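Here are a few remarks for your consideration, set out as numbered points, on sheet arrangement and on backbone angles.

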Amino acid sequence: AEEIAALLTRLEFKCKITNNQLQVTAPPHRMDIGEGVVGLADVLEEVARSYGFDKIPTTTMSDALPPQVGNPIHEWEEHLRDLLVALGLQEVVTYRMTSPEREGRVVAHNEYVRIANPIAPERSVLRQSLLASVLEVAEKNARAESIAMFEVGSIFEPVKNDLPNEPRKLAIVMTGARIASAWDVKDSPAFDFYDMKGRIELLLAGLRFTDIVYAETESTYHLHPGKSAEVKVNGQVVGVFGELHPLAKEKYEFGDAPVIVAEFDLEKLRELNPSYGIVPVSEFPPMYEDIAVILDESVAASTVEALI
């Protein structure tokens, strides 16, 4: 106790020893020293620093290690983000607060979770469309030559007399030039339906899905008919993608290039996510075959692939 008191006295602390117990009062200018348990930790840190951390012997933990609890949902979403970034997309984080008018440009809902004390009239409700939020960001950056962005986040579905449901969604928006201007690239074509489809194929392959089917969508307000598709995994619809409908696009200030969008239900994807292990490399060399067929335009590619 005497040695500790000597160390603290040099730092202008007032110390009093009673029955080998030390009572310490911090100087007025030491506003960083707290009270109670926090203050005790602060004073112990001062003692250790003054005494020398190198002089304090290291000891092993005397108790059993606590059980390690993972967060598989968070880890799965982080893996999803890594895949999307590797595909050339940039992550954005948007406001969860919006207004029915702003969201109604792409999708309309009758009921919303309303905020009791909104910070602004345009932030009066909680969003029900993640795509609408990402489109707002894309619109504000429409001057950029090429835009390819995504967001992973929650929407808020109202529940009567209860807290809202908060399902997790993925939204992707792409517009502008496929390749930014460079010395050897002057006029690159714009992003189209197949740019999005290729990235979705690589994303699902990275998540180890195999039973994937692309089917014609039903009449959806914000997607261009004939330039959109549903994504089915194991027979379940997990998302849609395609070109933004011209009637929806004209409500935004985009350029002439088409706007390609995608929406996915992450909870369905996560439930269907397969478990996989290590597969040995085949000892036989691969054999490639090229098959060319001529079919009517009404025949879906998935039909041909299934038949082969």
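1. In this predicted model, three strands form an open sheet in the order β4-β6-β5, and their pairing is antiparallel. The edges are taken by β4 (97-98) and β5 (113-114); each has a single partner strand, so one side of each is left without a neighbour in the sheet.

2. The contact between β5 and β6 (residues 125-126) deserves a look in its own right: the two strands run antiparallel and are joined by 2 bridges. Within this pairing, R114 is the residue that stands opposite V125 of β6.

3. Turning to the backbone angles, it is worth recalling that most residues other than glycine have a negative phi. Against that background, N19, which is not a glycine, has a positive phi of about 55 degrees, and this residue is found in the loop that links β1 (14-18) to β2 (21-25). With a relative accessible area of 73%, N19 lies above the cut-off of 50% and is therefore counted as exposed.

4. A second asparagine calls for the same kind of inspection: N234 has a phi near 55 degrees, again a positive value in a residue other than glycine. The residue sits in the loop between β12 (223-233) and β13 (236-244). Its relative accessible area is 42%, and because this value falls between the limits of 20% and 50%, N234 is classed as partly exposed.

5. When checking these points against the model, which strands stand at the edges of the open sheet? They are β4 and β5, while β6 is placed between them in the strand order.

Key
Residues numbered from 1 in each chain as written. Predicted model: local features only at pLDDT ≥ 70, side-chain atom pairs only at ≥ 80, totals over all residues. Heavy atoms only, no water. Helix = DSSP H or I, 4+ residues; strand = E, 2+ residues; numbered from the N terminus. Buried < 20%, exposed > 50% of the residue type's maximum accessible area, 1.4 Å probe, protein only. Pairing = 2+ DSSP bridges.
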